[in-house]
Amino acid sequence: MTSINELAKQTTVSTQIPIIDFHPFIVGDTNAKAAVANQISRAIQEVGCFYLKNGVRQTSIDQAFAQAERFFALPLEEKQKVASAVTGRSRGYIPFEKMFIGNQPGQLHESFSFANELDPNKVGVDSYAEALDVPNQWPQNPPEFRQIMKQFFLASQECALSVLEALAIALQLPSSYFTNLHSQQNHAGVFNYYPNISQAPKTGQTRFYEHTDLGSITLLFQDQGGGLEVYTPKGEWITTTSVPDSVLVMPADMMSRWTNDKFCAAPHRVSVPTNFQAVKERYSFSFFVIPDYDVEVTCLESCLKADKSHKYAPTYVGDHLLNRTNDRATKYGRS
């Protein structure tokens with residue numbers, strides 16, 4: 001795959017991202033499920049991502065985004081009460097311009113992250129869980145924030161597991177193949193808020209750096225602010241938008257490894273346009289679907305063509321997450 005540094009030099013273009021109706025998969029028979037699964041497979045291989053319609057109810061999305069807006073509108077000292085403590089694998093609030101890329105200026109967004117609540121019986125027994133899991137930090141205000149976010153999280157999780165079933169069917173595997181590998185429910189969610197830009201960014205400053213995600217797939221919800229760009233298998237940066245009653249779905253690192261890049265992790269970013277004063281305020285929510293930490297990920301035989309070799313060495317999910325988060329802890333520190 002082209003390196004991230006090389007990607008940054010290329011020009012963003014506009015292309016059509018498929019919108020796939022998930023309702024036939026949820027309620028349909030075997031043939032209906034296979035048809036939707038094939039649409040998803042084709043979209044990922046041709047464009048690198050797709051909009052999934054009827055995966056999560058719009059009312060649930062709207063309620064969560066309303067809570068996020070209320071939270072980010074709070075005074076900084078109030079948000080700091082639930083400030084994140086450990087860069088890269090923490091839960092809680094990260095202030096504006098406090099996420100760094102090496103020696104570059106801080107990124108032009110603030111965020112709040114959370115995950116499934118810890119199982120106290122797991123921490124201290126599973127070395128991966130002990131290293132990767134930290135407690136959630138929930139704000140007192142807005143009063144309904146915790147309840148609504150947890151409901152939205154569960155709705156996103158249900159949708160994500162169904163997408164994993166569709167991907168398994170597309171690869172001619174048992175429908176439960178991937179869902180069985182996500183039984184620990186290690187998933188995580190991050191709300192990001194991107195304010196309007198009132199002055200010229202510093203040299204090298206971006207709204208969100210170019211990267212791929214850690215898990216198997218990512219569900220990306222966004223408002224009308226736009227700005228997210230995804231790198232396609234054809235070597236183009238494409239712009240995304242908000243589609244009503246839909247979520248953008250992208251493969252992540254583990255899916256690349258399972259499929260030998262047939263379902264390749266999609267690099268994505270939120271850059272600063274030349275006309276920075278025209279940039280729109282933006283909210284987004286990323287739901288990261290993380291396999292069980294002790295799963296060994298290696299290339300599926302059905303994804304290895306006779307004339308091709310394994311692109312990735314086998315790895316345990318926990319090892320991959322630790323390596324990536326430790327790398328981010330050194331590269332993306334904050335003061």
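Val230 in strand S9 has Ile238 as its bridge partner in strand S10. I start there, and I should say at once that this is a predicted model. S9 covers residues 228-231, and S10 covers residues 237-239. The two strands pair in the antiparallel sense, over 3 bridges. They form a hairpin with 5 residues between them. In the turn, Gly235 has a positive phi of about 85°.

S9 has another partner, strand S12, residues 268-270. That pairing is also antiparallel, again over 3 bridges. Here Glu229 is matched with Arg269 of S12.

What covers the faces of S9, or rather, which residues are buried on each side? In a regular strand, side chains alternate between the two faces of the sheet. In S9, Leu228 and Val230 are on one side, Glu229 and Tyr231 on the other, and all of these are buried. Both faces of the strand are therefore covered, given that buried means under 20% relative accessible area.

Stay with Arg269 for a moment. Its charged end sits over the ring of Trp237, 3.8 Å from the ring centre. There is a second contact of this kind, where the charged end of Lys33 sits over the ring of Phe25 at 4.4 Å from the centre.

Now the chain as a whole. There are 335 residues, and 53% of them are buried. The chain has 9 helices and 15 strands. Taking contacts with a separation of 6 or more, 79% are between residues 24 or more positions apart. The accessible surface comes to about 15,300 Å², with 48% of that belonging to carbon and sulfur atoms.

Next, the open sheet. It is made of 8 strands, in the order S2-S3-S11-S8-S13-S6-S5-S4, and the pairing is mixed. The edge strands are S2, residues 19-21, and S4, residues 92-94, each of which pairs on one side only. From one strand to the next, the twist averages 25°.

Within that order, S8 and S13 run antiparallel and are joined by 6 bridges. S8 is residues 217-222 and S13 is residues 282-289. One of the matched pairs is Ile217 with Val289.

At the S2 end of the order, helix H3, residues 30-46, lies across S2, S3 and S11. The helix runs at about 165° to S2.

On to the aromatic residues. The structure holds 25 aromatic pairs. I will take two. Phe65 and Phe191 have ring centres 5.0 Å apart and planes at 75°, so this pair is edge-to-face. Phe65 is in helix H4, residues 58-72, and Phe191 is in strand S6, residues 188-194, so the pair links parts of the chain 126 residues apart. Both of these phenylalanines are buried.

The second pair is Tyr193 with Tyr283, which is stacked, at 4.6 Å centre to centre and 25° between the planes. Because Tyr193 lies in S6 and Tyr283 in S13, the pair ties together parts that are 90 residues apart in sequence. Tyr193 and Tyr283 are both buried.

Two single residues to finish. Where is Phe114, and what does it touch? Phe114 lies in strand S5, residues 110-115. Its relative accessible area is 1%, so it counts as buried. Leaving out residues up to four places away in sequence, Phe114 touches Arg91, Asn136, Trp138, Met149, Phe153, Ala188, Gly189 and Phe285. Phe114 and Gly92 are 22 residues apart in sequence, and their C-alpha atoms are 6.5 Å apart.

The other residue is His182. It is found in a loop, the one between helix H7, residues 145-170, and strand S6. Is His182 buried or exposed? At 2% relative accessibility, His182 counts as buried, because the cut-off is 20%. With the same sequence neighbours left out, up to four places away, His182 touches a list that includes Leu161 and Leu164, as well as His187, Ser216 and Trp258. Also among its contacts are Val289, Ile290, Pro291 and Asp292. Val289 is the residue in S13 already named as the bridge partner of Ile217.

Key: Residues numbered from 1 in each chain as written. Predicted model: local features only at pLDDT ≥ 70, side-chain atom pairs only at ≥ 80, totals over all residues. Heavy atoms only, no water. Helix = DSSP H or I, 4+ residues; strand = E, 2+ residues; numbered from the N terminus. Buried < 20%, exposed > 50% of the residue type's maximum accessible area, 1.4 Å probe, protein only. Contact = heavy atoms within 4.5 Å. Areas by Shrake-Rupley, 256 points an atom, 1.4 Å probe, with all protein chains shown as cover. Pairing = 2+ DSSP bridges. Axes fitted to C-alpha atoms, helices over the stretch in contact; angles between N-to-C directions. Phe/Tyr/Trp six-rings, centres within 6.5 Å; stacked < 30°, edge-to-face > 60°. Lys NZ or Arg CZ within 6 Å of the ring centre and 35° of its normal.
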